[in-house]
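Me: Show me the model first, please. Then I'd like to quiz you on how each label gets earned.

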Amino acid sequence: MSTPALVERVRRRLIDSVAESGDPSPAVVARALRAEGVVLGDEAVLNLVGTLRDELAGAGPLEPLLREEGVTDVLVNGPEDVWIDRGAGLQPSGIRFSNADSVRRLAQRLASAAGRRLDESSPYVDAQLPDGTRLHAVIPPIARECAMVSLRIPRRRSFTLEQLIDVGSVTDLGARWLRVIIAARLAFLISGGTGTGKTTFLGTLLGLVAHEERVLIVEDSAELRPDHPHTVCLQARPANVEGAGAVVLSDLVRQALRMRPDRVVVGEVRGAEVVDLLAALNTGHEGGCGTVHANSAGHVPARLEALGLAAGLPRPAVHSLAGAGLDVLIHLHRDSRGRRRLTGLHVLHLDAAGFVQAEPAIGFDVDGRPTEHPGLTDLVARVRSAGIEPPE
């Protein structure tokens, strides 16, 4: 029976050999055990091999959580303070590390796997692991007492619209409107706060795009996996340790426009790429879309304005491009029970002063009951102008 102390002693012996081979084999572990004067049976050795693989090459004690179906986030605040989100809010995981040093080693190993450095000179990292998991980690002195690790686990597959209906994220009427918006090639943004399911929703809607269309996806970290036969994905690249080699989203949007796209998709609009996306939507690239962080639909115009101004675009130009290029805003909300749901469809238009407004068209209450708003007339007109009949 292996103990934490034995695992630690064997781990120290294996550090050099694993650095060379990349994986602790049963034979290597058996040799290390003999050097420690310990004899174990075959089954115990194999169990120890699995533990050491997780410790030396995987995510250590977190590995079972990362493999668990339905897990979206794993958060480590300290050796005995590990939390997990299965989609219904944070819960204690029951997982514990042996000490603060083991948390720090894990954070540094994950950063190294992502091609980044995590030490006193660079005490934080925001990167993507090879399997697509998003990693954020900080170590002292940025973290006060112990290294902290945040892992966002991407979905291995996309939801279908029918599955979103089944889990209560969207009503049948809402689903019919979403299908119509895609078929009419209206340009749209999905808005919502953190954790409201914007990326999941976007992946579902991209699966509704006609299969003869070519979809160009631009992302900061690869998360979208739409069920569509013709998607091309471009991913941004951070600068290296020397501060060179960065490829940002605005660069990739410009490259995507030269790749004969039928639809241009920006996974998350949060920087200068907003200028290139809005420009593309105003130059004949219909059906473009993306997500944007906003606590309410009414805050989206201000969010776009802030991003455009930071990118050097004058305020009137931001509103003019957004008003002319964007058609629909799809807003999501996560309620107190952890349920992510569609709360409304809004149309974006310019008011008399030349500023973009998000006017409600259809709202859905907590029970899914729809409410018509003045913007519905405009939404119906935009759909019909594309030759598509809107839902009753």
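**How the labels are earned**

Reply: Among the protein's contacts with a separation of 6 or more, 52% are between residues 24 or more positions apart; a contact here means heavy atoms within 4.5 Å. Bear in mind that this is a predicted model, where local features need pLDDT of at least 70 and side-chain atom pairs count only at pLDDT 80 or more, while totals for chains, interfaces and linings use all residues. Residues are numbered from 1 along each chain as its sequence is written, and side-chain values use heavy atoms, with hydrogens and water left out.

Me: How many helices and strands does the protein have, and what makes something a helix or a strand?

Reply: The tally is 13 helices and 15 strands. Both are DSSP runs numbered from the N terminus: H or I over at least four residues for a helix, E over at least two for a strand.

Me: Why is Val82 called buried?

Reply: Its relative accessible area is 4%. Buried means under 20% (over 50% is exposed, in between is partly exposed, with a 1.4 Å probe and protein chains only), so the label fits. Across the 392 residues of the protein, 48% pass that test.

Me: What does Val82 touch, and where does it lie?

Reply: Val82 lies in strand S2 (residues 81-85). Leaving out residues up to four places away in sequence, its contacts include Leu62, Leu65, Val76, Ser93 and Phe97. Ser93 is 11 residues along the chain from Val82, with the two C-alpha atoms 5.8 Å apart.

Me: How do you know that S1 and S6 pair?

Reply: Pairing takes at least two bridges found by DSSP. Strand S1 (residues 73-78) and strand S6 (residues 148-152) have 4, in the antiparallel sense, so they qualify. One of the partnerships is Asp73 with Arg152 in S6. These strands belong to an open, antiparallel sheet of 6 strands, ordered S3-S2-S1-S6-S5-S4.

Me: What makes S3 and S4 edge strands?

Reply: Strand S3 (90-92) and strand S4 (124-128) each pair on one side only. Between neighbours in this sheet the turn averages 15 degrees, direction ignored.

Me: What is the strand order in the 9-stranded sheet?

Reply: S9-S8-S10-S11-S7-S12-S13-S14-S15, an open sheet with mixed pairing. S9 and strand S15 (370-372) are the edges, and the twist averages 25 degrees from one strand to the next. For the antiparallel part of the mix, take strand S12 (residues 328-334) and strand S13 (residues 340-350), joined by 7 bridges, with His333 opposite Arg341.

Me: And which strands pair in parallel with S10?

Reply: Strand S8 (residues 215-219) does so over 4 bridges, and strand S11 (residues 289-293) over 2. Val265 faces Ile217 in S8 and has Cys289 as its partner in S11. From S10 the chain passes through helix H10 (residues 273-281) to S11 in a right-handed β-α-β crossover. It is called right-handed because, with the strands pointing away from the viewer, the path from the first strand over the helix to the second runs clockwise.

Me: Which way do the side chains of S10 point?

Reply: Arg263 and Val265 go one way, Val264 and Val266 the other, and all are buried. In a regular strand the side chains alternate between the two faces of the sheet.

Me: How do you know that the buried residues of H9 share a side?

Reply: In helix H9 (residues 249-257) they are Leu249, Ser250, Leu252, Val253 and Ala256. Their arc around the axis is only 160 degrees, so they sit on the same side of H9; the arc is taken from the directions from the helix axis to the C-beta atoms. They pack against S8, strand S9 (231-235), S10 and H10. H9 runs at about 170 degrees to S8, where axes are lines fitted to C-alpha atoms (for helices over the stretch in contact) and angles run from 0 to 180 degrees between N-to-C directions.

Me: What makes a set of residues a nonpolar core?

Reply: Its members are buried Ala, Val, Leu, Ile, Met, Phe, Trp, Tyr and Cys residues joined through side-chain atoms within 4.5 Å. The largest has 37 residues, with Trp177, Phe188, Leu206, Ile330, Leu345 and Leu379 touching the most other members. Helix H7 (residues 172-183) contributes the most, 7 residues. Another core, of 29 residues, lies apart from it, including Leu234 and Val253.
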